Amino acid sequence: MSQILVLERYCYSERMGTFGRVLDLPFDCYTVEQPWRGNRPFESCVPEGVYRLVPVTSPRWGRTYALVNEQNRVFAAHSDIERDGDRYACLIHAANRASELQGCIAPGEMEGVIGGEWAVLRSGITLTKLLAYIGERNIRQIHITRYAPEYP
């Protein structure tokens with residue numbers, strides 16, 4: 001039986017990026033993405049929603065997962081897109097800052113600052129743990145959601 005990852009975003013900064021945390025893992029996993037820019041390909045974080053995690057081998061990033069949600073116009077490969085403005089190759093890969101990303105998600109063990117930019121740290125190590133966790137548990141979906149505190 002497959003499980004679903006939950007990425008809960010808690011910070012949307014036009015200048016520094018979009019930050020979140022993958023919940024209920026046996027290790028800390030924070031995330032960084034580009035700011036929300038209207039779902040523009042290679043420029044925006046992906047819209048909130050439920051995505052399939054499709055195994056891919058990227059020429060640059062190696063074996064990883066692509067996010068796919070046809071309703072949000074996000075596809076695994078260029079050959080899958082249906083019309084101009086569709087997105088593809090929204091991958092999970094190592095990076096530290098939003099400025100290093102092109103519409104992808106980068107995990108890290110903790111938050112910090114690199115070169116004056118908000119960042120996630122120890123991304124490569126955390127990516128290795130996250131990819132192993134996904135593979136070992138046959139996880140095939142990720143739900144990206146916004147943090148909504150509950151007040152009494």
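Here are some friendly notes on this predicted model, taken point by point.

1. **Main core.** A good place to start is the largest nonpolar core, which has 23 residues. Those touching the most other members are L5, L25, L53, L67, L130, I142 and I144. Five elements each supply at least two residues of this core: the strands β1 (4-13), β4 (49-58), β5 (62-68) and β11 (141-146), together with the helix α1 (123-136). The helix α1 gives the largest share, five residues.

2. **L5 and the second core.** L5 is worth displaying with its surroundings. Setting aside residues up to four places away in sequence, L5 touches V22, L25, L53, L130, Y133, I134, I139, Q141, I142 and H143. There is also a second core, separate from the one above, with 15 residues. Among its members are V32, A66, A76 and A98.

3. **Cysteines.** How many disulfides does the model have? The count is zero. A disulfide needs two cysteine sulfur atoms within 2.5 Å. For C11, the closest cysteine sulfur belongs to C45 and lies 11 Å away, so that pair is too far apart for a bond. For C45, the closest one is in C90, at 9.9 Å, which is again too far. The settings of these residues are worth noting too: C11 is partly exposed, at 21% relative accessible area, while C45 is buried at 1%.

4. **C90.** This cysteine sits in the loop between β7 (87-88) and β8 (106-108). Is C90 buried or exposed? With a relative accessibility of 3%, C90 counts as buried. Beyond residues up to four places away in sequence, C90 touches V46, Y65, A66, L67, V74, G103 and C104. One of these, V74, is 16 residues from C90 in sequence, and the two C-alpha atoms are 7.5 Å apart.

5. **Largest pocket.** The volume of the largest pocket is about 300 Å³. It is lined by 15 residues, and S58, W61, A89, L91 and C104 are the closest to its centre. By residue class, the lining divides into nine nonpolar, four polar and two charged.

6. **R9.** Here is a residue you may like to look at by eye. R9 lies in strand β1 and counts as buried, with a relative accessibility of 2%. What surrounds R9, leaving aside its neighbours within four places in sequence? The contacts include T18, F19 and G20, then E33, then the run C45, V46, P47 and E48, and finally I144, T145, R146 and Y147. Two of the names in that list, E33 and E48, may be worth a glance beside the arginine.

7. **V120.** Strand β10 (residues 117-121) holds V120, a buried residue with a relative accessible area of 0%. Apart from neighbours within four places in sequence, V120 is in contact with F19, Y30, T31, V32, A95, N96, A106, P107, G108, M110, E111 and I114. Between V120 and G108 the C-alpha distance is 4.8 Å, with their positions 12 residues apart in sequence. V32, among these contacts, is also a member of the second core.

8. **T64.** In strand β5, T64 is buried at 4% relative accessible area. Its contacts, leaving aside neighbours within four places in sequence, are V54, P55, V56, L91, I92 and L131. L91 also appears among the residues closest to the centre of the largest pocket. By C-alpha distance, T64 and L101 are 15 Å apart, with a sequence separation of 37 residues.

9. **Positive phi angles.** Most residues other than glycine have a negative phi. Two residues deserve a look on this count. N39, in the loop between β3 (30-33) and β4, has a phi near 65°, and at 12% relative accessibility N39 counts as buried. R122 lies in the loop between β10 and α1, with a phi near 60°. At 43% relative accessibility, R122 counts as partly exposed.

Terms used: Residues numbered from 1 in each chain as written. Predicted model: local features only at pLDDT ≥ 70, side-chain atom pairs only at ≥ 80, totals over all residues. Heavy atoms only, no water. Buried < 20%, exposed > 50% of the residue type's maximum accessible area, 1.4 Å probe, protein only. 1 Å grid on protein atoms, 1.4 Å probe; cavity = no way out; pocket = protein on both sides within 12 Å on 5 of 7 lines; lining within 4 Å. Points joined across faces, edges and corners; volume = space filled by probe spheres on them. Nonpolar A, V, L, I, M, F, W, Y, C, P; charged D, E, K, R; others polar. Core = buried A, V, L, I, M, F, W, Y, C linked by side-chain atoms within 4.5 Å. Helix = DSSP H or I, 4+ residues; strand = E, 2+ residues; numbered from the N terminus. Contact = heavy atoms within 4.5 Å.
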